[in-house]
Amino acid sequence: MKAHTRETQATMTPEKSLQYLKEGNVRFQNNLKANRNLLEQVNDTSDGQFPFATILSCIDSRVSAELVFDQGLGDIFSVRIAGNFVNQDILGSMEFACKLAGTKLIVVLGHTACGAVKGACDDAKLGNLTDMLAKIKPAVKAVTEPKDASLRNSSNSDFVDNVSAKNVQLTIDRIVEESDVLAEMQTNGEIKIVGAMYDINTGAVNFYE
Ligand SMILES: [Zn+2]
């Protein structure tokens, strides 16, 4: 498999980009990696990059976007932060990736059993982490079940995963609300913004469509 070029990037649409990622994740789940020579891709991408998707995911060591979607060099912009939320700097990075560098798809990729989400559920406090976890708290609040406070913590894995799913949804809402550039591109059909959840038990990505 070759690195993307200006020509191949120009043929990509939001739907085709999504299809590429879905197919890549199926290859990953079946341990059928596409045949690509990364060193050759270093050479092929040395004059420029023409990625087709931008993926916001967690720093979790088990959720590398390039690996779980079986992508090579020059294929995706990978934005990673614990708890996969957005702030102004990340929105700026996404605007660069879509408006200036031509990606057609933004994926907000959460994952099951997320440590950052668990920390937010437990109201964990530690140095700069305290303020960071506050960015995930709106998702904790937005998940209204169960009501019993003793069940609303990291020992309840269903609750944790529901908060992760809500966090993905709220993050997508924020992208559209806080980035006029990306909202306009979505309205014009130039990009699509989709949420997804990676299952750390199976390697499968479930897209929310
Ligand atoms: Zn995580």
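Between which two helices lies the loop in which D123 is found? In this predicted model, D123 is found in the loop between α6, residues 115-121, and α7, residues 129-134. This report begins with the chain as a whole and then turns to the zinc site, to the loops, and to single residues in the helices.

## The chain as a whole

The chain has 10 helices and 5 strands, and its C-alpha trace spans about 55 × 40 × 35 Å along the principal axes. For 209 residues, a compact globule would be expected to have a radius of gyration near 17 Å, and because the chain has 17 Å, the value agrees with that expectation. Of the contacts between residues at least 6 apart in sequence, 71% join residues that are at least 24 apart.

Of the 209 residues, 47% count as buried. The accessible surface of the chain comes to about 10500 Å², and 51% of this surface belongs to carbon and sulfur atoms. The chain carries 21 positive and 27 negative charges, and the mean positions of these two groups are 2 Å apart.

## The zinc site

Which residues coordinate the zinc ion? The donors are the SG atom of C58, the NE2 atom of H111 and the SG atom of C114, and they lie at 2.0 to 2.3 Å from the ion. Along the chain, these donors follow the spacing C-x52-H-x2-C. As for their surroundings, H111 and C114 are both buried.

## Backbone features in the loops

Most residues other than glycine have a negative phi, and most peptide bonds are trans. Against this background, a few places in the loops of the model deserve attention.

N31 is not a glycine, yet its phi is positive, at about 55°. This residue is found in the loop between α2, residues 14-29, and α3, residues 38-44. Because its relative accessibility is 63%, and exposed means over 50%, N31 counts as exposed. D123, the residue of the opening question, also has a positive phi, near 55°, although it is a residue other than glycine. With a relative accessible area of 39%, which falls between the limits of 20% and 50%, D123 is partly exposed.

Where in the chain is there a cis peptide bond? Such a bond joins E145 and P146, with omega at about -5°. P146 lies in the loop between α8, residues 137-142, and α9.

## Three residues of helix α9

Helix α9 covers residues 157-178, and N167 is found in it. Is N167 buried or exposed? N167 is buried, because its relative accessible area is 3% and buried means under 20%. Leaving aside neighbours within four places in sequence, N167 is in contact with G83, N84, I136 and A139.

R174 also lies in helix α9, but its relative accessible area is 27%, so R174 is partly exposed. When residues up to four places away in sequence are not counted, R174 touches V86, N87 and S179. R174 and R6 are separated by 168 residues in sequence, and the C-alpha atoms of these two residues are 30 Å apart in space.

N162 is another residue in helix α9, and because its relative accessibility is 42%, N162 counts as partly exposed. Between N162 and K33 there is a separation of 129 residues in sequence, and in space the two are 31 Å apart from C-alpha to C-alpha.

## Q186 in helix α10

Q186 is found in helix α10, which covers residues 180-187. Its relative accessibility is 30%, and therefore Q186 counts as partly exposed. Which residues does Q186 touch, not counting residues up to four places away in sequence? The residues that Q186 touches are V176, I191 and I193.

A139, which is one of the residues in contact with N167, can also be compared in position with Q186. The two residues, Q186 and A139, are 47 residues apart in sequence and 24 Å apart in space, taken from C-alpha to C-alpha.

Technical notes
Residues are numbered from 1 along each chain as its sequence is written. This is a predicted model: local features need pLDDT of at least 70, side-chain atom pairs count only at pLDDT 80 or more; totals for chains, interfaces and linings use all residues. Side-chain values use heavy atoms; hydrogens and water are left out. Helices (H or I, at least four residues) and strands (E, at least two) are DSSP runs, numbered from the N terminus. The radius of gyration is taken over C-alpha atoms; the globule rule is 2.2 Å times the number of residues to the power 0.38. Buried means under 20% relative accessible area, exposed over 50%, partly exposed in between (1.4 Å probe, protein chains only). Contact means heavy atoms within 4.5 Å. Accessible areas come from the Shrake-Rupley method with a 1.4 Å probe; for residues, only the protein chains shown count as cover. Lys and Arg count as positive and Asp and Glu as negative; His and the chain ends are not counted. The place of a charge is taken as NZ of Lys, CZ of Arg, CG of Asp or CD of Glu. Donors are N, O and S atoms within 2.8 Å of the metal (3.2 Å for Na, K and Ca); water is not among the atoms, so sites may look incomplete.
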